[in-house]
Amino acid sequence: MIKKTFLSLIFIFVALLAAAQVKHTLSGYVSDDNGEMLIGVYVIVPGTNYGAVTNSYGFYSLTLQEGTYTFRYSFIGYGTKEVEINLISNAEHNVTLAAETSEIGQVTVTAGRKDENIRDVTMSNIQLHARTIRKIPNLMGETDIIKSIQLLPGVQSSVEGSSGFYVRGGNADQNLILLDGATVYNPSHLFGFFSVFNGDAVKNVELYKGGIPPEYGSRLSSVLDVRMNEGNTQKIKGSAGIGMISSRLTFEGPIFKDKLSFILTGRRTYADLFLPFARDTVARNSTVYFYDLNAKVNYQINRDNRLFLSGYFGRDVNVFDDLFQMNFGNATGTLRWNHVYNGKLFSNLTLIFSDFSYNLGVPNGMLSFKVLSHIIDYGFHNDYTYYINPSNTLKFGLQSTYHTIKPGTVKSDDPASMISALQYPDNHAIETAFFVSNEQKAGTRLTLLYGLRFSMFQNIGEATLYHYDELYSVVDSTIYAAGKVFNTYTSLEPRFNIRFSLSEKGSVKFSYNRTAQYLQLASNSTATFPLDMWFMSSPNLKPQKADQVAMGFFRNFKENSIETSLEVFYKKTSNAIDFRDHARLAPQRYLEGELRIGRAYSYGVEIMLQKQGGRLSGWLSYAYIRTFRKIPEINNGRTFPPPYDKPHNIALLINYEISDRFDAGLNWVYSTTIPVTVPTAGYYYGNVWVPEYSERGGTRIPGTAYHRLDLSFNYYFKTFRLESNLNISVYNVYNRHNAFAVYFREQDADGGTRDASGVEAVKLYLFPIVPAITYNIKF
């Protein structure tokens, strides 16, 4: 009897233990009222340490023991929703969150999630939503993503008005810029004064400055991941904007409700429409404008399968009578298939196309010519996310891209031209990568994100490889047949992040990442121009590699509405490249002979204070960053700063909602003057004054520090019952003459004196005070 009772108790205990171990998975998608998937929504179980975050496609998955739970869905700027679910089997639950709006429909402006900086294991990354970016004052009232991220600590602008940016001491070409997964090689319009990203087409922007996850690669310094809107799945909507330099138009809506949706966005400048009225003949016969078009289709095949097709096409057209013309632009395309195998395994299969091209020349006459250049990518990405349990999320995948660089084709369409046709050889390569990572919660305080990326770069024929001697003169060449792999580089790139929670309002973090870069940009200016050329690693040029470590302290106040952070970093780059003095960077066969190889390093501290929610929002940031290069054949082997080394950087951004109908914005920026190489002495050669120069980057010219104040004012009202907005902005309020360039000219010695250098510095500036007005309407 006792034995039977004992066995019965053991049986009951084992059954209860087995029942306690039964686990089920809750998964689904989180969207807004318009059917747009929301990125980064917190899904938590109050009173426990269980939680999940929606991925880039709004999907979440959470595996728990059988039982009844309350699930809370929260995202800043949207109403929180709680749902009680009896989890007795695997279940799917899709959630719609409503945006918080004012009485006239104005969306509340926020950026990111409350306590995101405390809870996320990643550091050195920031999310900005389109509605936040639209509030920031910008040149000519144009919403500009690139200009917005230049206000973040650790991100530096190049020169006045440029869309080039530098992250933690890295060069402009060391930033991976993605639009729906496709690489954007030149992110600028109008020679850098505006970016290619139309704010009406953008849903989310995420910037990684460090702690870069293994799914990203190919660049050393940063990742700027821009995601396009997917289109309203509920009803047809539209919006339009008329500004002083451009107009915009957007249509979106369902083709089949809750099944198939689209969005189409266009933008064009119209300054060229007024040129025919100019007095100058050249201006009357000139054409200067840019345009871009964004399109996306979102098709939900069934509960487990979704297709996305998105594309971008933009072009700058610059024709100056018969004197000169230059056209350039980007084209990208992305076909993506999301598949949910079960509630725990999510896959993403992507086909990618990217093309940046330019053509320039003289259209007519004996000296007419045209130069055509392209960089083209065809890519394939297949990645998976496996939600093992609430404490472990595994990601892995394969990526492959076929690169083609067409440096230049020179030809003429005019039979009278004396310019001979010339074809520079194309370059081909395949870049492949495998990656795996796991985010692990080790208790209530410690979270780890660790992974590895293995990348491989292969040069492929048809190609001609030139051999150089120690003086960088060509001594021989080797020709490789089409399709032949003649060089292979590989790189192991470990990535690691750790977060330790000090309390609910504070944490410390550490990150390390190694990155490798196989494509470089040939440029000898601080501004990014469309004529800058991309070139590949080869047997003559090893890939650049960087190791970065960073530490940070994060602390929030007043129910997480005030965020503070302090980060320090150190980055070391091997095989760093620069160009010899007086390098010839035009399309040519022997560009590798202009290169010099060495090392680089940078270090710095970044401080940020951010206020979210309420009528007053914004941030104040300060960064102290130094960067140096040491290349044996440059500057006599001595360390020197690159031309974008600006140690002190301050940015202040304030948005204030005066009422439901009025708000105002302000941003003020300051940065140290850039280093330049200046004439310090000189001598006459015949009747020509020949200057001798200082060390490279050895001087900072007094009075050229950069600072600027911008203001904006928004009035919200209704036009024929349609939501409208009038934006008035003022760029460079106190008319600061910031240097766009500094050049040197010979001093006028007639009746005067000449100093030792014999030259004088002249500052060139572009923008005085620039007011602008923009009218926006939704229908």
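User: What makes strand 26 and strand 27 (residues 422–423) a pair, and in which sense do they run?

Analyst: This is a predicted model in which local features need pLDDT of at least 70 and side-chain atom pairs count only at pLDDT 80 or more, whereas totals for chains, interfaces and linings use all residues. Residues are numbered from 1 along each chain as its sequence is written, and side-chain values use heavy atoms, with hydrogens and water left out. Strands (E, at least two residues) and helices (H or I, at least four) are DSSP runs numbered from the N terminus, and two strands pair if DSSP finds at least two bridges between them. Strand 26 and strand 27 have two bridges, in the antiparallel sense, so they satisfy that requirement of at least two. Thr-409 has Gln-423 of strand 27 as its bridge partner.

User: How do you know that strand 25 (residues 369–389) and strand 26 (residues 392–411) pair?

Analyst: They are joined antiparallel over 18 bridges, with Tyr-386 opposite Leu-394 in strand 26, and the two strands form a hairpin with two residues between them. Strand 26 also pairs with strand 28 (residues 427–442), antiparallel over 14 bridges, where Lys-395 faces Ser-437.

User: Why is Asp-144 called buried?

Analyst: Buried means under 20% relative accessible area, against over 50% for exposed and in between for partly exposed, computed with a 1.4 Å probe on protein chains only. Asp-144 has 2%, so the residue is called buried. Its place is the loop between helix 3 (130–133) and helix 4 (145–149).

User: What makes the approach of the side chain of Asp-144 to the backbone nitrogen of Lys-147 a polar contact?

Analyst: A polar contact is a pair of N or O atoms within 3.5 Å, where within protein one must be able to donate a hydrogen and the other to accept it, and residues adjacent in sequence count only if both atoms are side-chain atoms. The distance to the nitrogen of Lys-147 is 3.1 Å, so it falls within the limit. The backbone nitrogen of Ser-195 likewise lies 3.1 Å from a polar atom of the Asp-144 side chain.

User: Which residues touch the most other members of the largest nonpolar core, and what makes a set of residues such a core?

Analyst: A nonpolar core is a set of buried Ala, Val, Leu, Ile, Met, Phe, Trp, Tyr and Cys residues joined through side-chain atoms within 4.5 Å. The largest one has 39 residues, of which Leu-152, Phe-165, Phe-197, Leu-224 and Val-226 touch the most other members. A second, separate core of 29 residues includes Tyr-185, Leu-360, Val-371 and Leu-591.
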